[in-house]
Every structure is written in structure tokens, then in C-alpha cells.
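Welcome! Please take a look at the model below, and then read on for a short tour of its parts.

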Amino acid sequence: MIHLAYLDAGSGSLIVQAVVGGVAGVAVAAKLYWRRLVSRFRRQPTDQR
Amino acid sequence: MAISPTDLRPEPGSFRDPANRVFHLGHDVLRGLDAGAAAHWRALAGTEFFTTLLADGKVCGTEAVDPVEVPDGVPWAAVLRHERIPFVSHPYEWSFTMLRDAALLHLEILRAALPAGFTIKDGSAYNLQWRGTEPVFIDVGSFEPVRDGEPWAGYRQFCQTLLYPLLLTAHLGVDFQPWLRARVDGIEADQLRPLFRGVRRLLPGVPTHLHLHGAMQSRHAEATTTDVRAQLRAAGYSRELALATVRGIEKLVRRLDRTPAASHWADYQRTCGYSAQDRAGKEQFVTAALTDGSRPALVLDLGANDGRYARLAARHADRVVAVEQDPAVVDTLYRALRAEGERRILPLVMDLADPSPGGGWRGVERASFADRAAADVVLALALVHHLAIGRNVPLAEVVTWLADLCAPGARIVVEFVHPEDPMARRLLANKPEGLFPDYRREEFERVLAARCRIARREDLPSGTRTLYTAVVGG
């Protein structure tokens, strides 16, 4: 279930918390960006059809 | 609890989270919870970390009471009764160290909650209040079970209302109070970033919490938080990581310190030229005013400076609010009171010629100073000449304002500095001659007597200062 708080946490504010959490956090942020990048390339062939 | 809905007054500052809302019922402070919030409360009430925070007084006293109907007809699933905060204050009335201690308490509570499976759903400075010099977390409705893999939703709010104001003062020596007073949601990253260019980019906390955070906000403005939460969870964001982030912010906040600039007021008690006899006479007069009658619950010391008379008042009253306009002086007073273990005096920053107005939504979300003050005794010592000569406020206006800060039957202890006094002469020398023909003792007495009953009057040995005890409406 996706549960949203009453407060808009801000997407950038959520991601930056991974980065400020030290080495492990940077790894999480890197993984997030890598997945985003990969999914963009994966999606392309289906988009072109 | 059989209560007529008309007896309940909704708290104007409590509407942002629809899951719970604060109401006043006489002297009681109640919080209505919807079904979801009630379930969170029941889970929270049984945890060890929460009972410890309650026992230590770090969270405001809270107990469940029978549910009541509220005026809008919403039947709350649960109702809590909170401890009453003696005097509600706003973050723009706190000094630097007060804001820092409030931020540290907020983080400490979050750090205690996370391992127990709870988080705080926001991060506002308005979650905190003061019992004298002790910060207390009041937003019990904001605890909720943490969902693993999600960062703190309140981080941005924490930055805007706590961390950025602290960075502004600690790194640049700029007072944060006017910034917070002007913006109920605090300082946004993009508003602060232009002040941290060049080498200032590298100051502690600035590269990450300010610049990177601001850049990320712009970059991800289009992404929904729902998507980002899911992506972070999939990328392995853990509760341990959330804890490490909180610890990191805590370490940063602990390091931040202000560099007090030399100010006129910081030296006031030393340079203001009271003789020892004047001071002794004044202390006796104030003590007599405080002890003549029932014990005051709340004393306002207006123009408190180093807190000499606030401390004196604290010996004879339950609570004292010491108001002073210079943030550096208030900060020094706060630190001194903490060091002394004096917990019943709340020092506040406020320019008394420009007291806090109502703020936020419709100007009532954050109550004005006049709306919060209902003092049993008001001390206005060496204040009137600063307002009347320094700021051109007519004497009758000053008296009306003092009386309006009082509960019915309250006493005002006010000092009138004669125009011949060296301090008054110094102020008068900055204004055109003859600008204040009404600034005379007889005229002051006349306007005071028009509004109050003058119960006592005494000239200090110097002969250029007169003290009055006036009973409001008497």
C-alpha cells in the first residue's frame, strides 16, 4: 500500500537524505539513479513500436 | 465526558494535519484523533521509548480521555488531553541557542522513535514549545509507524524552520528571527543559497543540506514523492540509513554556534548608570509589588535585559516570561538560566515597539503576542522612555498597551524616567528639541490613573526616576 503523509515531503528532499546518510546512502542514491537510467533504455524499444 | 460542542474552541494553529486536531476546553488542551491516528496512538502509548520521553518531560504530558463530539460534528475515534504549556511562543521569538536546543530535541525524539518502529511525520519548529528554559515536543499527533525504506518526510520542513535559520546565524551572523517571522513555512533553500556563494559554499552543512538539497528539489520537482519513495525502497534505503542521516544532522546542529557581536544592550546593566541605592530601592519596590496580593501565575518582564528582575520575579511567581529585543542578550540570558538550573523563566526575543503580530493563515494560525499575554503582573522597568522618546509612542498608547497585556485585576509595575535623568536626556538629545512636551511625570501619572488605580508610588534616591504599582481596572 502506498501511504502518503499529509505533508508533501518533496521528491528532491527524499533523495538527498540518502546522499547525506554517508557512504551507504550514496550507494543507495547511485543505485536509484542507475535503475532510472537502465529503465529508460529498456523502455525505449517498446516506445518506438 | 459530557461536553456541549459550543464549549470547545478549535486551536487556530492546528489544522494542517486533518488526521488530528487540537481544541481548547476551558483550561484543558484536547486533541481529537481520527481512526488511523487513534490506532497509531494506541501503538505508540505502549512503547518504551515514548513512555520514557513522557517521563523525562521531553514530550508534553498526554493522556487518553473519553471521546467527545467536536463542533463540526466529526466524531473523533480517540481524544487526548495534553499538559498545558505555560506560555506559547513562536520560533521567531527564540534566541539562537534556544532554536538549536529545540532542533536537537526534535532530532533526539526522532532518533529514539526510529529503532522502536516509529517516525515523526513532519519536522517543524512549531512542534516544539517551552516550559521555561526546557524545550518540549508538543505534536504527539505526528508520531506514526515508520515504513521501512522511506526517508524522513519532515526533513524539508526541518531544514526550512530549524536548520536553515541556524545556518544563517551561525555561519553569517545574520539574525534568523525576522526571516522566520515573515514566513510561516520557514526559509526555502533557494532563498538562502545566494547568501552562500564562493568559499561559504563549503561551510559545515551548506554543500549538502543547502546547495545539493536545493538543486535536488529543482531537479526532481516533476517526480511524485510516491514514485521516489518506491524507487528508494527498491534501491535499498533502510531504517539504519534513516538513523544515520538523523545522527549526521544531529552532529551538524551540535557544532553550529553563534558568534555574539558586541551590542549596546549586552552591556546595558553595567553602563546604564544606576546607583547602588537606586537598585536596592527598585528591588524592594518590585518585590513588594510581587508579594502584595495572590501569588502571580504569570509575570511578564518587558525589557528584561540580563534578567535581574525576571529572576527576582521567579522567586514570587509560578512562571516568568522575560522579553528583550536584542537576540544576543536573550541568548546570553537563556544560557545563563540553563546553567543556573532556573527552569521557570522563558526568555523571548521581541522588539516591544513592534511586538509579534498574528501570523500564518488569516493571521490567526500563530497568535499575536497581545493575544497570548494575560499576565498577573507586568514589569515595565526602564522601558517607557525607550518607547516614548526612542520610538515616539505616545504615553497614553504605552499605558493602554501595558494594560492590554494584563489579566483582569493584574498589577503593572512601571518605572518612569524623568526627562532630567541622564538616560532620558541622552535619548532626547537625538530628537528635535521640544518634540515631546508631554513627556513629563505629571502627564504620565494622569494617563496611568485614567486606565488603572495607582496603588503605590515611590521616587528612587537619585530623584530622577519614579516607580508605580498600578492595578488594572482598579
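Let us start where two domains of chain B meet: 15 residues of domain 2 of chain B are in contact with 22 residues of domain 3 of chain B. Here, two residues are in contact if their C-beta atoms, placed from the backbone, lie within 7 Å. On the domain 2 side, α3, β7 (128–131) and α5 (177–182) of chain B each supply at least two residues. The largest share of that side comes from α3(B), with 3 residues. By class, the domain 2 side divides into 5 nonpolar, 5 polar and 5 charged residues. In this sorting, Ala, Val, Leu, Ile, Met, Phe, Trp, Tyr, Cys and Pro count as nonpolar, Asp, Glu, Lys and Arg as charged, and the others, Gly among them, as polar. The C-alpha centres of these two domains of chain B lie 36 Å apart.

This is a predicted model, in which local features need pLDDT of at least 70, side-chain atom pairs count only at pLDDT 80 or more, and totals for chains, interfaces and linings use all residues. Residues are numbered from 1 along each chain as its sequence is written, while chains are lettered from A and ligands numbered from 1 in the order in which they are written. The mean pLDDT of chain B (the predictor's confidence in each residue, from 0 to 100) is 92, and 94% of the residues of chain B reach 70 or more. For the complex, the predictor gives an ipTM of 0.84 and a pTM of 0.93.

Here are the domains of chain B, with bounds from an automatic or database domain assignment.

| Domain of chain B | Residues |
|---|---|
| domain 1 | 5–82 |
| domain 2 | 91–255 |
| domain 3 | 265–472 |

Now to helix α3 of chain B, residues 96–113. Helices (H or I, at least four residues) and strands (E, at least two) are DSSP runs, numbered from the N terminus. This helix has 18 residues and reaches 26 Å from its first C-alpha to its last, close to the 26 Å expected at 1.5 Å a residue; the expected span is 1.5 Å times one less than the number of residues. Among the buried residues of α3(B) are B:F96, B:M98 and B:L99. A residue is buried if 20 or more other C-beta atoms lie within 10 Å of its own, exposed if 12 or fewer, and partly exposed in between.

Which residues have the most contacts inside the largest nonpolar core? They are B:L300, B:V378 and B:L379, in a core of 147 residues. Helix α4 (residues 155–172) of chain B gives the most to this core, with 10 residues. Such a core is a set of buried Ala, Val, Leu, Ile, Met, Phe, Trp, Tyr and Cys residues joined through C-beta atoms within 7 Å. Beyond four places in sequence, the contacts of B:L379 include B:V286, B:L300 and B:V413.

Is B:F369 buried or exposed? B:F369 is buried, because 20 other C-beta atoms lie within 10 Å. B:F369 belongs to helix α14 (residues 369–372) of chain B.

Finally, meet chain A, with 2 helices and 0 strands. In all, 27 residues of chain A are in contact with 38 residues of chain B. On the chain A side, α1(A) gives the most, with 9 residues.
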